[in-house]
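The exercises below are worked through one step at a time. Please keep the sequence and the model in view while reading the solutions.

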Amino acid sequence: MRTNHRESRAARVGIPILARVTYFGDGRPVRKKGPPPTELRWSFIVHGERYEGRFSLDHASEFDFLPSRDVIVVLYDPAAPAINTVYVP
């Protein structure tokens, strides 16, 4: 629940920045039955420091809103860049 609160804060007050996709594929299984979720991980640099984020959805097709799988737009909290989320248009 805390993660969802942080992501909503990044979406509300976040500053957009380009991030490099570092991984797109199977994530950690959350159920014993069924396929694992699809996970997207990224990294970006703010004020000379590298920050990372990740986002997972049940199916890879749910990421079709992304124009690219190499570089994406993320929103980060300027007071705490470690709080970030992928930008969903």
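**Exercise 1.** Is R69 buried, partly exposed or exposed, and what is its relative accessible area?

*Solution.* This is a predicted model, in which local features need pLDDT of at least 70 and side-chain atom pairs count only at pLDDT 80 or more, while totals for chains, interfaces and linings use all residues. Residues are numbered from 1 along each chain as its sequence is written, and side-chain values use heavy atoms, with hydrogens and water left out.

Step 1. The classes are set by relative accessible area, with buried meaning under 20%, exposed over 50% and partly exposed in between (1.4 Å probe, protein chains only).

Step 2. R69 has a relative accessible area of 32%, so R69 is partly exposed.

Step 3. R69 forms a salt bridge with D64, with 3.6 Å between the closest N and O atoms; a salt bridge here is a side-chain nitrogen of Lys or Arg within 4 Å of a carboxyl oxygen of Asp or Glu. D64 counts as exposed, because its relative accessibility is 57%.

**Exercise 2.** Determine which residues are joined into one network by salt bridges that share partners.

*Solution.* Step 1. The structure holds three salt bridges. Side chains of opposite charge can pair when their charged atoms come close.

Step 2. One of the salt bridges brings together the side chains of E39 and R41, at 2.6 Å from N to O. The E39 and R41 side chains are also joined by a polar contact of 2.6 Å, a term that covers a pair of N or O atoms within 3.5 Å where, within protein, one must be able to donate a hydrogen and the other to accept it, and where residues adjacent in sequence count only if both atoms are side-chain atoms.

Step 3. R54 forms a salt bridge with E39 as well, the closest N and O atoms being 3.7 Å apart. Since R54 lies in strand β3 and E39 in strand β2, the pair ties together parts that are 15 residues apart in sequence. Strands are DSSP runs (E, at least two residues), numbered from the N terminus.

Step 4. The network therefore consists of E39, R41 and R54. E39 counts as buried, at 6% relative accessibility, whereas R41 is partly exposed at 34% and R54 is partly exposed at 46%.

Step 5. Leaving aside residues up to four places away in sequence, E39 touches several residues, including Y23, F24, R54 and F55, where contact means heavy atoms within 4.5 Å.

**Exercise 3.** Place strand β2 within the sheet and within the largest nonpolar core.

*Solution.* Step 1. The open sheet has five strands in the order β3-β2-β1-β4-β5, with antiparallel pairing; two strands pair if DSSP finds at least two bridges between them. The edge strands, β3 (49–57) and β5 (80–86), each pair on one side only.

Step 2. Strand β2 (residues 38–46) runs antiparallel to β3 and is joined to β3 by nine bridges. I45 stands opposite R50 in β3.

Step 3. The largest nonpolar core has 15 residues, and those with the most contacts inside it are L40, W42, F44, I72 and V86; such a core is a set of buried Ala, Val, Leu, Ile, Met, Phe, Trp, Tyr and Cys residues joined through side-chain atoms within 4.5 Å. The largest share of this core, four residues, comes from β2.
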